[in-house]
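Me: Please take a close look at how the inside of this one is packed. I'd like to know what sits there and what ties to it.

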Amino acid sequence: MSDSTLTVQIPRFGPPKVLQEARVPLPTPEPGHLHLRVRAAGVNFADLLQRAGLYGTVPPRPYAPGFEVAGEVVRVGEGVEDWRPGDRAAALLRFGGYARDVVLPAEQVFSYPSSLSPAQAAAVPVVFLTAWVCLFETGHAREGDRALVLGAGGGVGTAAVQLGVDRGLRVYGTAGTVAKRAFVTEELGAAACFDSRGDWPGELREVVEQEGRLDIAMDPVGGKATRACRSMLAPLGRVVFFGMSEALPGRKRSWLKALRARLRTPSVHPLSLVEKNQGVCGVHLLHLGEKEDLLKPAMEEIFSGIAHGRWSPVLDRSFPLSRAGAVEAHRYLHDRRNLGKVVLEAPG
């Protein structure tokens, strides 16, 4: 372990400024593993929840957050046959992506199209795979279904709208600014996008009651939003729940606000689902267990679709892959300023 790499870590819970830089040992790749030089790392809302102490399963602190990176292969371990030094690659990690180098199993690494920059490639894995699993694996979306995507201007949201429209779904969204709502409809092809800070349930209800109620609702918000989603489901409709952003409305953790969000999120009794022919599902990309095998073919199809122009990553902006850059990126996401994805980009 003579080699080392620079990381950005969470040493304790708190606002963005608690993030720190630290140099940590970099192991030699074991059999089946490879060393990837990181050129860009994706930033996700889950990173903010981890830093605030509102995320479930995390390593002992201090640790580097980050679920996805892109760069090039430096070294390969014994038994790795599909990768060579210099190959460009994107990867999924459980943690540790805020780093200049990572060593990880080769099965978590994917080739990405040459048309993408490392920053664009790092903007793909988590959001597109989350949207894919929510819509097609869990939501079983089919052509003609009506789908609602809450937070349609965010990373997962922009991916979900594109995938849904491509598969022939009639997609509705919510977003917090006029510019985001215009982008979701005019650039991504959603049928309508409503103000997430206004009476979107009332406005959407008027539309869906005329056109047919919702078949799928993708909900990363929780609280009253979940109740509204359920109220508009058609028979055999399903809510796919994959987050609770209402639990972290600001930059700092507030147990009172987190508890309020939890209490506002409706509990589900099985009989209430039977009576209305509804389903409520949950998705956590890191806890797929024996179903993780579905990620590789999905990722390959996603990058193939990007290469053929069917959809594309929506990259809002990049920040430096440093402590200062990560702090600013977290603040940017907290303020909901992003349209699409935010990444950290290594210098040079």
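Reply: A nonpolar core here is a set of buried Ala, Val, Leu, Ile, Met, Phe, Trp, Tyr and Cys residues joined through side-chain atoms within 4.5 Å. Buried means under 20% relative accessible area, exposed is over 50%, and partly exposed is anything in between (1.4 Å probe, protein chains only). Keep in mind that this is a predicted model, where local features need pLDDT of at least 70 and side-chain atom pairs count only at pLDDT 80 or more, while totals for chains, interfaces and linings use all residues. Numbering starts from 1 along each chain as its sequence is written, and side-chain values use heavy atoms, with hydrogens and water left out.

On to the packing. The largest nonpolar core has 94 residues, and Leu-36, Leu-135, Ile-302 and Phe-303 have the most contacts inside it. Helix 3 (residues 125–138) is the top contributor, giving ten residues to this core. Helices (H or I, at least four residues) and strands (E, at least two) are DSSP runs, numbered from the N terminus. Look at Ile-302: leaving out residues up to four places away in sequence, Ile-302 touches Val-124, Phe-128, Leu-129, Trp-132 and Trp-311. There's also a second, separate core of 16 residues, with Ala-192, Trp-200, Ala-217 and Ala-228 among them. As background, nonpolar side chains in soluble globular proteins tend to be buried together.

Trp-200 brings us to helix 6. That helix (residues 200–211) has twelve residues and spans 16 Å from its first C-alpha to its last, close to the 16 Å expected at 1.5 Å a residue; the expected span is 1.5 Å times one less than the number of residues. Its buried residues are Trp-200, Pro-201, Gly-202, Leu-204 and Val-208. Strand 8 (146–149), strand 9 (170–175), strand 10 (192–195), strand 11 (214–219) and helix 7 (224–231) are included in what covers them. Contact, by the way, means heavy atoms within 4.5 Å. At the N-terminal end, Asp-199 acts as a cap for helix 6, with a side-chain oxygen 3.2 Å from the backbone nitrogen of Gly-202. Right after the helix comes Gly-212, which has a positive phi, near 115 degrees.

Now for the charged pairs. A salt bridge is a side-chain nitrogen of Lys or Arg within 4 Å of a carboxyl oxygen of Asp or Glu, and the count comes to 13 of them. Two of the strands over helix 6, strands 8 and 11, turn up again here. Asp-215 and Arg-146 form a salt bridge through their side chains (3.7 Å, N to O). Asp-215 belongs to strand 11 and Arg-146 to strand 8, so to speak two distant parts of the chain, 69 residues apart. Both residues, Asp-215 and Arg-146, are buried.

Another pair is Asp-145 with Arg-238, whose closest N and O atoms are 3.4 Å apart. Because Asp-145 lies in the loop between helix 3 and strand 8 while Arg-238 is in strand 12 (residues 233–241), the pair ties together parts 93 residues apart in sequence. Asp-145 and Arg-238 are both buried.

Then there's Asp-101, which meets Arg-37 in a salt bridge between side chains (2.4 Å, N to O). This pair also links distant parts of the chain: Asp-101 is in strand 6 (residues 101–105) and Arg-37 in strand 3 (residues 33–43), 64 residues apart. Asp-101 counts as buried at 10% relative accessibility, whereas Arg-37 is partly exposed at 30%.

Asp-101 has a further partner in Thr-5: their side chains make a polar contact (2.8 Å). That term means a pair of N or O atoms within 3.5 Å; within protein, one must be able to donate a hydrogen and the other to accept it, and residues adjacent in sequence count only if both atoms are side-chain atoms. Thr-5 is in strand 1 (residues 4–9) and is buried at 3% relative accessibility. Neighbours within four places aside, Thr-5 is in contact with Ala-22, Arg-23, Val-24, Leu-26, Arg-100 and Asp-101.

Last, the cysteines. With a disulfide taken as a pair of cysteine sulfur atoms within 2.5 Å, the count is zero. Cys-134 is not bonded because its sulfur is 9.4 Å from the closest cysteine sulfur, in Cys-281. Cys-193 is in no disulfide either, with the nearest cysteine sulfur, that of Cys-229, 13 Å away. Cys-134 is buried at 0% relative accessible area, and Cys-193 is buried at 15%.
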